[in-house]
Amino acid sequence: MSVIGSHIPEINALIAAEEGTLQEIRSALGRNQEQLDTLTAGQRAAQGQADASRRAVLVQGRISLFLETAGRHVQAPRVVDRREEISVKIAELEEAIGAGARDDRLNSFVSRINTKIKDKAVDLDLEHKESPIRLDPRGLTVVADTTRGPVRLADMGGGENWLGYHVATLLSMHEWFSEQRNPVPRFLILDQPSQVYFPEDAPDGTALAGPDRTALLNLYRTIQNMIVALDGDFQVIVMEHADLDDEPFRSSVEARWRRSNNQALVPQDWITEEIDDH
């Protein structure tokens, strides 16, 4: 006890020193807290100022949009919604026309097209050319009204008649559309119409002769006559295997795609392997 009692003043001095250090730390913590509070308040103020700036820009944009919209309303007349009125008017017109009137108009137009088909059938010297020829819009075919009854296209002989009536019908319809200024594209594409005149076993390079050659030239003359009659308002593009020296075929050729003249549709440098022509 005497030893402990002799050390009490030293212990008290150490305690007092540590308490002083503790007090300094507490003071430093207080100052740090004050600085932290000041920084936080500054950040909040800056954030509030940014939000205010954004709100100001948003309000300014809304005001500008309102002024621009108001200006357009002042400058342009207001559009009146007349859809219901127009719908009623359309219904009245359709009722006034009626299905019967529409059918009458269609029959009238088809009758005039039939006259054109008939004329071209005579020019092409087709079977049943002496009979009335009519287009059947429902069956999408051509019918010849003979003394024995109606003969449909499928029963009109062979390929030459089928080709002739197809071309005559297409030309006649396009001729009608062109004359009436209907919004139908003014061109027709035919792919090798001469094929029906070549036998299936005919070798390449076989030339047409006799009645077949005459019939093919007659087909091209009929096409040419219609093109001339429409005075540039219609175009026929033909991709053909036959190559005729007669007019109007010869002067109408725009290109001859053949390997022999290095003008083939497929360029020679695209071919990497030799092709056996036989």
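In the predicted model, the second largest pocket has a volume of about 310 Å³. Its lining comprises 19 residues, and those that lie nearest the centre of the pocket are L135, P137, L140, T169 and M173. At least two lining residues of this pocket are supplied by each of α2 (83–123), β1 (133–136), β2 (141–146) and α3, with α3 providing the largest share, seven residues. By residue class, the lining of the second largest pocket divides into 14 nonpolar residues, four polar residues and one charged residue.

One of the residues nearest the centre of this pocket, L140, also stands out in its backbone geometry, since phi of L140 is near 50°, a positive value in a residue other than glycine. L140 is placed in the loop between β1 and β2, and with a relative accessibility of 74% this leucine counts as exposed, because the cut-off for that class is over 50%. A positive phi, also near 50°, is found for Q192, which belongs to the loop between β4 (187–191) and α4; Q192 is partly exposed, at a relative accessible area of 27%. A further backbone feature is the cis peptide bond that joins E247 and P248, with omega at about 5°, and P248 is located in the loop between β5 (235–239) and α5 (249–252). As background to these features, most residues other than glycine have a negative phi, and most peptide bonds are trans.

Enclosed space was also examined, and the structure holds one cavity of 30 Å³ or more. About 50 Å³ of space lies in the largest cavity, whose lining is made up of L124, L126, E160, L163, G164, Y197, A215 and L219. The elements that give two or more residues to this lining are α3 (159–179) and α4 (210–229), and the largest share, three residues, comes from α3. Six of the residues that line the largest cavity are nonpolar, one is polar and one is charged. Helix α3 thus gives the largest share of the lining both to this cavity and to the second largest pocket.

With respect to the overall fold, the chain has five helices and five strands, and its elements run α-α-β-β-β-α-β-α-β-α from the N terminus on. Of the 278 residues of the chain, 22% count as buried. An example is V142 in strand β2, which is buried with a relative accessible area of 4%; the C-alpha atoms of V142 and H166 are separated by 8.5 Å, although the two residues are 24 residues apart along the chain. At the surface, V59, I63, F66 and L67 make a nonpolar patch of about 410 Å². Within this patch, F66 has its place in helix α1 (residues 2–75) and is exposed, with a relative accessible area of 57%.

Charged side chains form 13 salt bridges in the structure. In one of them, the side chains of D125 and K129 meet at 3.0 Å, N to O; D125 is exposed, with a relative accessible area of 51%, whereas K129 is partly exposed, at 28%. Another salt bridge is formed by R186 and D233, whose closest N and O atoms are 3.4 Å apart. Because R186 lies in the loop between α3 and β4 and D233 in the loop between α4 and β5, this pair ties together parts that are 47 residues apart in sequence. R186 counts as partly exposed, at 23% relative accessibility.

R256 and D243 form a further salt bridge, the closest N and O atoms being 2.8 Å apart. This pair links distant parts of the chain, with R256 in the segment after α5 and D243 in the loop between β5 and α5, 13 residues apart. Both partners are partly exposed, R256 at 32% relative accessibility and D243 with a relative accessible area of 30%. In addition to these pairs, K116, K120, E175 and E179 are joined into one network by salt bridges that share partners.

Note on methods
Residues numbered from 1 in each chain as written. Predicted model: local features only at pLDDT ≥ 70, side-chain atom pairs only at ≥ 80, totals over all residues. Heavy atoms only, no water. 1 Å grid on protein atoms, 1.4 Å probe; cavity = no way out; pocket = protein on both sides within 12 Å on 5 of 7 lines; lining within 4 Å. Points joined across faces, edges and corners; volume = space filled by probe spheres on them. Helix = DSSP H or I, 4+ residues; strand = E, 2+ residues; numbered from the N terminus. Nonpolar A, V, L, I, M, F, W, Y, C, P; charged D, E, K, R; others polar. Patch = residues over 30% accessible without salt bridge, like charges linked within 9 Å, V, L, I, M, F, W, Y side chains within 5 Å. Areas by Shrake-Rupley, 256 points an atom, 1.4 Å probe, with all protein chains shown as cover. Salt bridge = Lys/Arg side-chain N within 4 Å of Asp/Glu carboxyl O. Buried < 20%, exposed > 50% of the residue type's maximum accessible area, 1.4 Å probe, protein only.
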